[in-house]
Amino acid sequence: TMTTATQDFTVPNLCAAAETGDLSRLREIIVAQPQLATQDTAANDEHQAIHHAVYGNQPEAVQALVAAGADPLNGIYPHREPTTALALARDRGLEAIVAINEDFLQAQRGTTSEGQTITQAAAHGDAATLLHLLAENPALVNATDNRGQPPLFKAIGRADLSMVSTLLDCTAAVDHLDADGWEPLRRCLFHSWKIPDDHYAAHTAIAGLLIGRGASYGLWEAA
């Protein structure tokens with residue numbers, strides 16, 4: 001009888017194939033171990049294969065990796081925002097890779113330029129721009145950025161009770177799930193070390209407001 005040995009691939013194997021544009025090798029690895037497309041190189045190295053595909057300017061490798069689940073918005077500690085695959089491609093002027101990533105985000109997360117604009121206004125606390133955009137198009141209250149987050153998430157992130165109330169009055173979706181599968185209430189109550197202490201009271205008030213407007217909650221939120 002003949003037996004076929006199964007080769008164990010590693011994330012560095014996939015990174016090397018991505019950076020050199022070895023598509024046959026890359027696809028072989030993804031078929032055998034698809035989870036590697038979304039894994040970091042090591043515990044102390046958050047580079048993923050999609051980053052190496054950008055470093056090598058390999059659009060087809062990027063396309064194969066996002067199809068396998070790689071996230072073009074995963075950044076590298078400690079400077080995550082400028083080190084996403086999308087940001088790196090933009091910085092390098094790699095238009096083909098930028099287009100692949102943006103098309104993926106639009107298809108998977110409903111990202112639009114209008115969604116980016118209104119969520120940025122909310123993130124910066126620009127109530128005047130936010131209200132102007134909503135007056136022109138009320139449906140933008142639930143438009144999302146490339147992380148699947150509408151303006152309500154940004155107002156919560158700022159601990160801006162007034163803006164949260166305004167958005168809820170404009171029928172913001174109180175149980176919307178972002179790209180990570182988190183709803184506004186969970187984002188509000190998740191207090192990492194990055195949340196300023198003076199936001200805690202505001203977040204408690206916002207959580208009460210969200211629940212009062214019908215937000216779903218379970219044991220985690222109740223605790």
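This passage describes the fold, the charged pairs and selected backbone features of a predicted model of a single chain.

The secondary structure of the chain consists of 13 helices and 0 strands, so that, read from the N terminus, every position in the order of elements α-α-α-α-α-α-α-α-α-α-α-α-α is taken by a helix. The C-alpha trace extends over about 65 × 40 × 30 Å along its principal axes. Of the 223 residues in the chain, 41% are buried, and the accessible surface amounts to about 11800 Å², with carbon and sulfur atoms contributing 52% of that area. Among the contacts with a separation of 6 or more, 63% are made by residues 24 or more positions apart.

With respect to charge, the chain carries 13 positive and 27 negative charges, and the mean positions of these two groups are 2 Å apart. Side chains of opposite charge can pair when their charged atoms come close. In this model, the count of salt bridges comes to 10, and several of them are described below.

One of these pairs is formed by Glu46 and Arg80, whose closest N and O atoms are 2.4 Å apart. This salt bridge links distant parts of the chain, as Glu46 is situated in the loop between helix H2 (23–32) and helix H3 (49–55), whereas Arg80 is situated in the loop between helix H4 (59–67) and helix H5 (85–91), 34 residues apart. Arg80 has a relative accessible area of 35% and is therefore classed as partly exposed. The loop between H4 and H5 also holds Pro78, which is joined to Tyr77 by a cis peptide bond with an omega of about 5°.

A further salt bridge connects Asp145 with Lys154, and here the closest N and O atoms are 2.7 Å apart. Both partners fall below the 20% limit for burial, because the relative accessibility of Asp145 is 6% and that of Lys154 is 17%. The pair of Asp169 and Arg213 has a closest N and O distance of 2.9 Å. Asp169 belongs to helix H10 (residues 161–169), while Arg213 belongs to the loop between helix H12 (200–212) and helix H13 (219–222), so this salt bridge ties together parts of the chain that are 44 residues apart in sequence. In terms of accessibility, Asp169 counts as exposed at 53%, and Arg213 counts as partly exposed at 37%. In addition, Asp178, Asp180 and Arg187 are joined into one network by salt bridges that share partners.

Asp145 also takes part in the surroundings of Thr111, a residue found in the loop between helix H6 (95–109) and helix H7 (113–123). Leaving aside residues up to four places away in sequence, Thr111 touches Leu105, Gln106, Gln116, Thr144, Asp145 and Asn146. The side chain of Thr111 reaches the backbone oxygen of Leu105 at 3.4 Å. With a relative accessible area of 11%, Thr111 is buried. Relative to Arg213, Thr111 stands 102 residues away in sequence and 26 Å away in space, taken from C-alpha to C-alpha.

Positive phi values in residues other than glycine were found at Asn57 and at Ala159. For Asn57, phi is near 55°, and the residue lies in the loop between H3 and H4, where Asn57 is partly exposed, with a relative accessible area of 41%. For Ala159, phi is likewise near 55°, and the residue is placed in the loop between helix H9 (151–157) and H10. Ala159, with a relative accessible area of 14%, is buried, because residues under 20% are assigned to that class.

Conventions. Residues numbered from 1 in each chain as written. Predicted model: local features only at pLDDT ≥ 70, side-chain atom pairs only at ≥ 80, totals over all residues. Heavy atoms only, no water. Helix = DSSP H or I, 4+ residues; strand = E, 2+ residues; numbered from the N terminus. Buried < 20%, exposed > 50% of the residue type's maximum accessible area, 1.4 Å probe, protein only. Contact = heavy atoms within 4.5 Å. Areas by Shrake-Rupley, 256 points an atom, 1.4 Å probe, with all protein chains shown as cover. Lys, Arg positive; Asp, Glu negative; His and termini not counted. Charge placed at Lys NZ, Arg CZ, Asp CG, Glu CD. Polar contact = N/O pair within 3.5 Å; in protein donor to acceptor, adjacent residues only side chain to side chain. Salt bridge = Lys/Arg side-chain N within 4 Å of Asp/Glu carboxyl O.
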